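Work through the three exercises below with the sequence and the model at hand. Try each task before reading its solution.

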Amino acid sequence: MRQRFLTVVIAAIVVVLMLARWGANLYTDWLWFGSLQYQSTFLTIILSEIGLKIAVGVAIFILLFINLMPTRSRIMKAASMSRVIEDEDNVISMYRAPFSKYAKSGPILAVYLLISLVMAFFVGTAVAGDWVVLQKFLHPTPFNIADPIFGKDIGFYVFQLPFYEFLYRLFVWALFLIAFWVAAAYFVAETINGNQGKGFLKTDAARFHLSALAAVYFFARAFGYRLDQYNILHSAGGIVYGPTYTDIHANLLAYKILFWVSIVIAVIILVNIFMKRFRLVLYSIASMVIISVLVGGIYPVIIQKIVVVPNELNKETPYIENSIKYTRMAYNLDEVVKKEFPAGRTLVADDIKNNMDTVENIRLWDYRPLQQTYAQIQEMRTYYELKSIDVDRYVINGEYRQLMLSPRELNQEQLPENAKTWVNQRLKYTHGYGIVASPVNQVTTEGLPQLTIKDIPPVTTSDIKVERPEIYFGESTDNYVIVNAREEEFDYPKGDENAYTMYQGTNGVKVGSLLKRAMFALSLGDYKLLLSSEVISDSQVLYYRSLTQRVPKIASFLNYDADPYMVIEGGKLYWIWDAYTTTSMYPYAEPFEGGLNYIRNSVKVVVDAYSGVVDYYIADDSDPLIKTYSSIFPGMFKPLGDMPEGLRNHIRYPSDMFMVQANKYLNYHMEDPIVFYNKEDQWNLPAEIISGKQQNMEPYYTIVKLPGESKSEYIQILPFTPHKKINMISWLAGRSDGENYGKLLLYEFPKQELVYGPQQIEARIDQDSYISQQITLWSQKGSSVNRGNLLVIPIKDSLLYVEPLYLQSEQSRMPELRRVIVAHGDRIVMEPTLEEALNKMFGKGTTVQQSQQPQGQEPQPGTTIESVKGLTAEANRIYEEGQNRLRAGDWAGYGESNKKLKETLDELSRRAAE
């Protein structure tokens, strides 16, 4: 008795603690959403979840309880019966049911109530996550596009059909659940009656009850076949995605037949309740199985083999056209603007001069080696982390330039072990500090990036200022901290000492009263928060600080790009994160990863790295999905015009969506069904060599002046090659600037001319005797040679290929950019700088300003390499180059360097004498 009491007490304590933790989480989430002004969003989500859970739970409870009640009398009757039993020795005894003392209405009713409540709770909890399906059903938006088979608006498939399928699945599972417990109740009744449960299906009550449930199931199954007719628009495995000839003329017919067969069987089962001919039910179900095999299996195969295969193209042409049309619409590929690009023409020096905006923004730094280099020269302390490299564009000293940027975040896991105290991790080391930035094309004489923003506190050599460098919210901030405590927070290292600060934001959640603090301690699972004397009532708790926690916590129904990027605007640091609306229910559209077959970059998310404020801006107001979400959450999404102009200048065509579209365009640029059927013009993604390994080429951002345009713009580029060939056939561009934002351009090359593809350029680099010899020599002297991204740069009506080479010592983790390879037409050159490579390719006069600066030397506006200071730096660089060539055994190169050194020194002497 005592042990039973202890068990009950422990169980009660566990339940209370679980409920308290759940309540604390709910309360602190409410406070968190309120701190960001999204309490209405939180209420919509919570009420939708709870409302759906309660509605489904109540329905399951009522249905199950009502169905269990008729079995109560059977159990009571069986439990109260006594029987005379004669054993093998002819001994006569009186049998009484073992549970007869419980055979009263009250205990049985209590058991039924408990079973119904438990099942209702579990089923309700299981479907709570489908609140989005419910809300989308309640707030549909038409696409104003009809499907080609049933003529229904696309919105029916995206917003309504998923809810009907949800109801169907829920109802069928509920029927199985009810049938199980009803059968169990009749089985228990027969077991109590001394029959060990045998023959419980032969009793009239059980037969009547279970037959009625079976009839209801077949009525529901008929509804399921009706839904299956619509799902035929997502048929896979045919010549194209979506219904083909066989699907429409055989499988669709099968669903219609099975719809009526299911209704007939349901009626037969109901009639049989009174006729009591169980074989009739068995024959009906067996006939349904046979009909399913005939019309759903054999007949489609016959149609495919006899009707379709001998004349496949003719039969499938309209369905191929449907697949092409709807897939292109689903991925916005029907909006791609096609243009011709000659590409075969030869550039001259004047062409380079006239396109200096493009040339001076050629990205020489690959993000992979640059991340290692940044880490070595700018992380400053072990607990700082330059986790990601972003590429963006800025107006620097009046010029449009690309920058590589990396925020310096604080990773508490990298604190020294003896510093990993609760006070340090929660109150002291609360934020990262500053950002590192460098132009994409500038290199020091040591082969390192020329930093535009560096050090702690941030030092900048341009007109970009960082006045609020603290990073409380980012990609590495995955734990909670408490700010405005009694003592100041660590701000940044300052020589042998540290600088300290107090948080000045107001969007954290104040600790407040002791009860509120207890709620935080329970929710965050940290009792020290409750006990610490350092925490005061005005202290603020900053939690959900990681971008991957914070942003989806508010809008979990959106999909997000893999790469949020940091932006400097008005002296502050912001994160911009592209968000997508997606669905898997777009008719006829071939899916991509995860089964989704529709995507729009409808939302731009902006997060203040200091305050944590999150704003959602609508980037595509024509998208029906974002219109529906805006109806579900009024006021949550703001017009893009409300985004500050400085931030709006940094939005870009998102890379994940660009890759999805590019992959689909490999096939779906073919609009002619015959060409599509024969795969006559199928394309591939090109390959490139990165760090000695071949991989698919990644899209890259650059600034170029597109053919026919008056000014340079920021675009994303990806070349295409023909299937099983390596020459280039076209390139796709995603535009990011001004009124052209979000547009896709395809430049196609003349098919009768050879345009080198990236893989062919890589092969030519490998086959060049001078380049391959140098790479081999470097690799034998304790260094590794890494090849960066091969960039295909459109200039005027031709192409320039640029690939950087990085040298990395075996003892060093800091790659250095030491050579630049340039290819154009039939020529290929390798020089220490892009400037020299262009001069060698096109002749002198193609100088790239600021292409190289000595380490520590600050560039001045208007400085060129022709100045005395520039010539001195150039002489030092050429001398170092000559020594490297001498050590490498490159005597010809050493002689060439000496010649260039003499020319530079002569010019330096002439300048000094002026």
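The exercises concern a predicted model and deal with cores, a helix and a histidine.

**Exercise 1.** Find the largest nonpolar core and state which helix gives the most to this core.

Solution.
- Step 1: The largest nonpolar core has 122 residues. Those with the most contacts inside this core are F557, V605, Y616, F637 and F720.
- Step 2: Helix α5, residues 154-195, gives the most to the core, with 8 residues.
- Step 3: Take F557 and leave aside its neighbours within four places in sequence; F557 is then in contact with W131, V132, Y629, F633, M636 and F637.
- Step 4: A second core, separate from this one, has 67 residues, including V436, W731, L791 and I793.

**Exercise 2.** Determine where the buried residues of helix α22 sit around the axis and what they pack against.

Solution.
- Step 1: In α22 (residues 769-779), the buried residues are I771, Q774, I775, L777 and W778.
- Step 2: Because these residues cover an arc of only 165° around the axis, they are on the same side of α22.
- Step 3: Their packing partners are α21 (758-767) and the strands β32 (783-787), β34 (798-809), β35 (816-824) and β36 (827-831).
- Step 4: At the N-terminal end, D768 caps α22, with a side-chain oxygen 3.1 Å from the backbone nitrogen of Y770.

**Exercise 3.** Decide whether H209 is buried or exposed.

Solution.
- Step 1: Locate H209 in helix α6, residues 204-231.
- Step 2: The relative accessible area of H209 is 9%. Buried means under 20%, so H209 is buried.
- Step 3: Apart from neighbours within four places in sequence, H209 is in contact with N67, P70, T71, V182 and Y186.

Methods. Residues are numbered from 1 along each chain as its sequence is written. This is a predicted model: local features need pLDDT of at least 70, side-chain atom pairs count only at pLDDT 80 or more; totals for chains, interfaces and linings use all residues. Side-chain values use heavy atoms; hydrogens and water are left out. A nonpolar core is a set of buried Ala, Val, Leu, Ile, Met, Phe, Trp, Tyr and Cys residues joined through side-chain atoms within 4.5 Å. Buried means under 20% relative accessible area, exposed over 50%, partly exposed in between (1.4 Å probe, protein chains only). Helices (H or I, at least four residues) and strands (E, at least two) are DSSP runs, numbered from the N terminus. Contact means heavy atoms within 4.5 Å. The arc is that of the directions from the helix axis to the C-beta atoms. A polar contact is a pair of N or O atoms within 3.5 Å; within protein, one must be able to donate a hydrogen and the other to accept it, and residues adjacent in sequence count only if both atoms are side-chain atoms.
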